[in-house]
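Let's take a walk through a protein model together. Have a look at the sequence and the structure first, and then we'll go from the whole chain down to single helices.

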Amino acid sequence: MKTTALAVVAVLALAACGNDKAPVASDQKSDKSPLAEYMGDGFVSSSGGGGFKISMRAGGAQQPTEEDLAKQRKVEDATVTCMKAAGFEYVAVPPEQNAKSKFADAFNLPPDKFAEQYGYGISTIDWSKAGEDDSNPNTKIRAALSPAAQKAYDKALNGPNANGNGAVVIQGGKDGPSSSGEMDLGCRGKAVKQVYGDDSNRNVDFKKFDSLFKDIQALQKRIESDQRVVDATTAWTDCMADAGHSGLKKVDDPRNQIQQQLDALTGNKPPAKNGPPQVSGPPSFDKVDATKLAELRKSEIDLAVTDQKCKAKGYEDAYKKVQYEAEKEFVDQHKSELEAYRDEMANR
């Protein structure tokens, strides 16, 4: 676990293009593309229209060493001590007992089976609860508290800037999240800092890779504008129209359509393009009209199933062929930059 205290509870995402609100799990392929070999497991170039996305979560995807596990145990023990001082019970969870998302198995399903059960995974999965682990004793401890006590518990554990899902909401202007540069991350953040230190030298300076990311954006546009992909997209559009879904021009239109309808139900407002940086958890479905949500879920699944069938008729194969050809050429031309990025991320 090589990360700063802030990164433990916040998510750093660099979206080269596309909608970053919802997962693109049902369109991902298990085999790595030429570019993903350098960009890591968080790199996605989706034939579903999601575009390129590079994302990293705290701790990364690497298998922890015994040294990592020992430090994580110390973090848990320090969190117990801190929470006790704050007046709350907290049970140290062994790092080997990795919390498993209740939807983890869903993303191992083939694309067509995922679509049949979850659509795109937008309205069908309450992402504010997807990471909950019923076997974690702290989940049960928190659930037994009153609503007011739960808020106090969350504040003590994750700090005053955490929302109900444990994510830190960062809102700040050009000078950063706060004038002092300090943020109270609660017992969890303090424990991480105590065990790992500030570890500021491990922060990745993404600015030096700006040129590489811009070239990746340009690569995505070249793939989408390739005549083979254009023709395949037209065929997909016609297939969707024949199935009763007319007016769709881009392959990410169905996903965006469902997301917009869900936003309307939850009252969620996407951050402004030029607004302040923000890291927050997804909106909960707890207060959403149950009947309308059920209707949206049915609509999403029906749309996703049709979408998958139409893509399988030729779009996916055409996109992948063009993508792999273009990425192979890109890798040959940008090998030194890609190796530098890969090495930087390996040492974070």
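Two residues are in contact when they have heavy atoms within 4.5 Å of each other. With that in hand, look at the chain as a whole, keeping in mind that this is a predicted model. Among contacts with a separation of 6 or more, 75% join residues that sit 24 or more positions apart in the protein chain. The chain has 12 helices and 3 strands. Of its 348 residues, 39% are buried. The exposed surface comes to about 19200 Å², and carbon and sulfur atoms supply 49% of that area.

Now for the inside. In soluble globular proteins, nonpolar side chains tend to be buried together. Here, the largest nonpolar core holds 40 residues, and the ones touching the most other members are Leu35, Leu338 and Tyr341. Several helices give two or more residues to this core: α2 (36-39), α8 (210-225), α9 (227-242), α10 (253-266), α11 and α12 (335-346). Which helix gives the largest share? That's α11, with 13 residues. There's also a second, separate core of 8 residues, including Met83, Phe88, Ile141 and Cys187.

Let's stay with α11, which spans residues 290-333, and see how it packs against α10. The axes of these two helices are 10 Å apart, at an angle of about 175°. Angles over 145 degrees count as roughly antiparallel, so α10 and α11 fit that description. On the α10 side, the residues that meet α11 are Pro254, Gln257, Ile258, Gln261, Leu262 and Leu265. Their partners in α11 are Lys292, Leu293, Leu296, Ser299, Glu300, Leu303 and Asp307.

α11 turns up again at helix α4 (residues 111-118), since it is part of what covers the buried residues of α4. Those buried residues are Phe114, Ala115 and Tyr118. They lie on the same side of α4, because the arc they cover around the axis is only 100°. Just after α4 comes glycine 119, with a positive phi of about 65°.

One more pair to find: helix α6 (residues 147-158) and helix α7 (residues 186-196). Their axes come within 2 Å and cross at roughly 15°. Are they parallel or antiparallel? Angles under 35 degrees count as roughly parallel, so α6 and α7 are roughly parallel to each other. Lys155, Ala156, Leu157 and Asn158 of α6 make the contact with Gly186, Cys187 and Arg188 of α7. You've already met one of these, as Cys187 is also in the second core.

Methods: Residues are numbered from 1 along each chain as its sequence is written. This is a predicted model: local features need pLDDT of at least 70, side-chain atom pairs count only at pLDDT 80 or more; totals for chains, interfaces and linings use all residues. Side-chain values use heavy atoms; hydrogens and water are left out. Helices (H or I, at least four residues) and strands (E, at least two) are DSSP runs, numbered from the N terminus. Buried means under 20% relative accessible area, exposed over 50%, partly exposed in between (1.4 Å probe, protein chains only). Accessible areas come from the Shrake-Rupley method with a 1.4 Å probe; for residues, only the protein chains shown count as cover. The arc is that of the directions from the helix axis to the C-beta atoms. A nonpolar core is a set of buried Ala, Val, Leu, Ile, Met, Phe, Trp, Tyr and Cys residues joined through side-chain atoms within 4.5 Å. Axes are lines fitted to C-alpha atoms, for helices over the stretch in contact, and angles run from 0 to 180 degrees between N-to-C directions. Angles under 35 degrees count as roughly parallel, over 145 as roughly antiparallel, 65 to 115 as roughly perpendicular and the rest as oblique.
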